[in-house]
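Work through the exercises below with the model open. Try each task before reading its solution.

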Amino acid sequence: MDGLPIAEAAKTTGWSARMLRYVEQLGLVEPDRSPGGHRVYGPEQLQRLRTLRQLLAEHDLDLGDVGLALRLRREPEVRAAVEGWLEEVPTRPEHVPAPDWLRWEQEKHQSLMESR
């Protein structure tokens, strides 16, 4: 198998080995694996890493942005949920009087934070 181990790929690309693993976790670059299970970066993966860096720089993006774009493309239910949230207009629940809406929202946030 022709390619670079992760340490050499990191040195070549300027990405740290940790970042290369994160890029893989996001599904943006998928290195091959050696028979022993080690990551091997061939010319295809090195090109993707180079063009990914260019994409990030040219459009002021971060890896999370591109990772989310990939999820939106691959997972229709996530895309629908995000689109629904973006289109949703905040409205006061009918059972909450207008003067109490702020306090009601604060309590909802508090309960969400406590459940973590």
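## Exercise 1: the sheet

This predicted model has 3 strands in an open sheet, ordered β1-β3-β2, with antiparallel pairing.

**Task.** Determine which strands stand at the edges of the sheet, and what packs on the sheet.

**Solution.**
- Step 1. Look for strands with a single partner. β1 (4-5) and β2 (32-33) each have one, so one side of each is left without a neighbour in the sheet.
- Step 2. Check the pairing of β2. 2 bridges join β2 to β3 (residues 39-41), and these strands run antiparallel.
- Step 3. Name a bridge pair. R33 has R39 in β3 as its bridge partner.
- Step 4. Find the packing helix. α3 touches β1, β2 and β3, and its direction makes about 75° with that of β3.

## Exercise 2: the core

**Task.** Find which elements give two or more residues to the largest nonpolar core.

**Solution.**
- Step 1. Start with the core itself. The largest nonpolar core has 15 residues. Those with the most contacts inside it are W15, L20, V23, L28, L49, L52 and L63.
- Step 2. Assign the contributors. α1 (6-13), α2 (17-25), α3 (43-59) and α4 (63-74) each give two or more residues to this core.
- Step 3. Follow one core residue outward. Beyond four places in sequence, L28 touches V23, R48, L52, L63, V66, G67 and L70.
- Step 4. Set this against a general tendency. In soluble globular proteins, nonpolar side chains tend to be buried together.

## Exercise 3: two helix pairs

**Task.** Describe how α1 packs with α2, then how α4 packs with α5.

**Solution.**
- Step 1. Choose the descriptors. Two packed helices are described by the angle between their axes and the distance between the axes.
- Step 2. Apply them to α1 and α2. Their axes come within 9 Å and cross at roughly 100°. Angles of 65 to 115 degrees count as roughly perpendicular. α1 and α2 are therefore roughly perpendicular to each other.
- Step 3. List the contact. From α1 come I6, A9, A10 and T13; from α2 come A17, L20 and R21. By class, this contact of α1 with α2 has 5 nonpolar, 1 polar and 1 charged residues.
- Step 4. Turn to α4 and α5 (residues 76-87). The angle is about 110°, with the axes 5 Å apart. That makes α4 roughly perpendicular to α5.
- Step 5. List this contact too. R71, L72, R73 and R74 in α4 meet P76, V78, R79 and V82 in α5. The residues of the contact of α4 with α5 divide into 4 nonpolar, no polar and 4 charged.

## Exercise 4: T13 and D60

**Task.** Decide for T13 and for D60: buried or exposed?

**Solution.**
- Step 1. Place T13. This residue is in helix α1.
- Step 2. Apply the cut-off. Buried means under 20% relative accessible area. T13 has 17% relative accessibility, so T13 counts as buried.
- Step 3. List the neighbours. Leaving aside residues within four places in sequence, T13 is in contact with L20, L46, L49 and R53.
- Step 4. Compare sequence with space. T13 and Y41 are 28 residues apart in sequence, and their C-alpha atoms are 11 Å apart.
- Step 5. Place D60. This residue is in the loop between α3 and α4. The exposed class starts over 50%. At 71% relative accessibility, D60 counts as exposed.
- Step 6. Check the backbone. Phi of D60 is near 50°, a positive value in a residue other than glycine.

## Exercise 5: α6 and the loop before it

**Task.** Which residues does W104 touch, not counting those up to four places away in sequence? Do the loop residue R92 next.

**Solution.**
- Step 1. Place W104. This residue is found in helix α6 (residues 101-114). Its relative accessible area is 21%, so W104 is partly exposed.
- Step 2. List its contacts. With those sequence neighbours left out, W104 touches P93, H95 and V96.
- Step 3. Take a long distance. W104 and I6 are 98 residues apart along the chain, and their C-alpha atoms are separated by 51 Å.
- Step 4. Move to R92, in the loop between α5 and α6. R92 is partly exposed, at 36% relative accessible area. Beyond four places in sequence, R92 touches P97, A98 and W101.
- Step 5. Add a distance for R92. R92 and L102 are 10 residues apart in sequence and 9.5 Å apart in space, C-alpha to C-alpha.
- Step 6. Finish with D100, in the loop between α5 and α6. D100 counts as partly exposed at 27% relative accessibility. The C-alpha atoms of D100 and R53 are separated by 48 Å, with their places 47 residues apart along the chain counted as the offset.

Technical notes: Residues numbered from 1 in each chain as written. Predicted model: local features only at pLDDT ≥ 70, side-chain atom pairs only at ≥ 80, totals over all residues. Heavy atoms only, no water. Core = buried A, V, L, I, M, F, W, Y, C linked by side-chain atoms within 4.5 Å. Buried < 20%, exposed > 50% of the residue type's maximum accessible area, 1.4 Å probe, protein only. Helix = DSSP H or I, 4+ residues; strand = E, 2+ residues; numbered from the N terminus. Contact = heavy atoms within 4.5 Å. Pairing = 2+ DSSP bridges. Axes fitted to C-alpha atoms, helices over the stretch in contact; angles between N-to-C directions. Parallel < 35°, antiparallel > 145°, perpendicular 65-115°, else oblique. Nonpolar A, V, L, I, M, F, W, Y, C, P; charged D, E, K, R; others polar.
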